[in-house]
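I opened a fresh notebook page for this one. The plan is to look up who touches what, one strand at a time.

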2 protein chains.
Amino acid sequence: MRNNTIGSLIWLRLMRFTNQSNQMSNDFLKRFDLTTAQFDVLMQISVYQPLTQMELAEKVTVTQGGISRMLVRLENEGYIVRKQDWKTKTIRLTAKAEAILEQAMPEQLAFQTSFFDDVLNHEEQTTLYTLMTRVHKHSQKKELPPE
Amino acid sequence: MRNNTIGSLIWLRLMRFTNQSNQMSNDFLKRFDLTTAQFDVLMQISVYQPLTQMELAEKVTVTQGGISRMLVRLENEGYIVRKQDWKTKTIRLTAKAEAILEQAMPEQLAFQTSFFDDVLNHEEQTTLYTLMTRVHKHSQKKELPPE
DNA sequence: CACAATCATTTGATTAGTCAAGTTATAAAA
DNA sequence: TTTTATAACTTGACTAATCAAATGATTGTG
């Protein structure tokens, strides 16, 4: 036992870091009455609106069921409206959401950025970004190994 | 709007990648009737057993409530036993869990490793690991910015 | 027109987690 | 010895997600 590869160490680091920074982000966004997941969804809508639930689900890598439930919550809070439009539902932000995002977006951006700016110089950040981009893109076309 | 920093791009990449690879790992571990979270917890127990719930919660960065619920599920499945021992509960793996882990561990390790081995050479992996280690360690002593 | 096909969304059952209030077990003080 | 403190754990109410089966909406075809 206890036979770690470098890859498995990276994997664990990534999991622990994203888990932790996600919690911190939730804490941070409390001042806007938002969770990280909600902020993420609202951001995507703000960039791509109007769009359908399927399109949105793909952008935030969540299943259709997941996006359906999330949108019910966001609708109840008055952040979005959905209109049955042909056979799909079209999603748009409300004025309330636009106003909150305008405030929250720059702050959340600065918050995210601080995780890296504080410890890595620009070159190191570029390296990290390109390495992770390669890893991510590769994983997207990866197949499950046979049993 | 749309004013991305490099840091925010890295953040998003990390979130999407861990989210996706976590789902793939869940898929992969189905052959052992385990989820990624369960595998993670069982691994930590196997390394540090016997240990208390508090200690375990800290190792997997989950709250005490979270670990309590997870251990109830693992106990119902017969993977662990808890003994009230002084004022704490001491956790140990059952023979069933030990047997499954012995099989699953090398396969899961290889699975995790393949995300990186396929696209990064050894030097790049070392770089990625050191960069992420710095970022992670920094985040652990980070404080929430004032309101 | 009615009926099947198909795409988009919802929903029930479950896992996984959070926070904060409530229990339980042990130790110490009155 | 009854109370009080405290550390460890559980629990209720909730967010967030998954899968797979059910429901809606629209378009063809017989």
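**Entry 1: a phosphate contact on strand D.** I started with T63(A), where a polar side-chain atom sits 2.4 Å from a phosphate oxygen of DNA strand D. I count this as a polar contact, that is, a pair of N or O atoms within 3.5 Å; within protein, one must be able to donate a hydrogen and the other to accept it, and residues adjacent in sequence count only if both atoms are side-chain atoms.

**Entry 2: ground rules.** This is a predicted model, where local features need pLDDT of at least 70 and side-chain atom pairs pLDDT 80 or more, while totals for chains, interfaces and linings use all residues. Side-chain values use heavy atoms, without hydrogens or water, residues are numbered from 1 along each chain as its sequence is written, and chains are lettered from A and ligands numbered from 1 in the order in which they are written.

**Entry 3: more on strand D.** Q38(A) also reaches a phosphate oxygen of DNA strand D, with a polar side-chain atom 3.1 Å away. For R69(B), I found a side-chain N or O atom 2.6 Å from a base oxygen of DNA strand D.

Which elements give two or more residues to the surface near DNA strand D? I noted α2 (36–48) and α4 (64–76) of chain A, plus α3 (53–59), α4 (64–76) and β3 (88–93) of chain B. These are DSSP runs numbered from the N terminus: helices are H or I with at least four residues, strands E with at least two. The largest share, five residues, comes from α4(A).

There are 24 residues around DNA strand D, and T35(A), T63(A), S68(B), R69(B) and K89(B) come nearest. Here "near" means that a heavy atom of the residue lies within 4 Å. Of the strand D atoms within 4 Å of the protein, 73% belong to sugar or phosphate, the rest to bases.

**Entry 4: over to strand C.** Again I have 24 residues around the strand, with Q64(A), R69(A), K89(A), T35(B) and T63(B) nearest. Sugar and phosphate make up 67% of the DNA strand C atoms that come within 4 Å of the protein.

Two phosphate entries went in: the side chain of S68(A) has an N or O atom 2.8 Å from a phosphate oxygen of DNA strand C, and for Q38(B) the distance to a phosphate oxygen is 3.1 Å. R69(B) turned up here too, with a side-chain N or O atom 3.0 Å from a base oxygen of DNA strand C. The element that gives the most to this surface is α4(B), with five residues.
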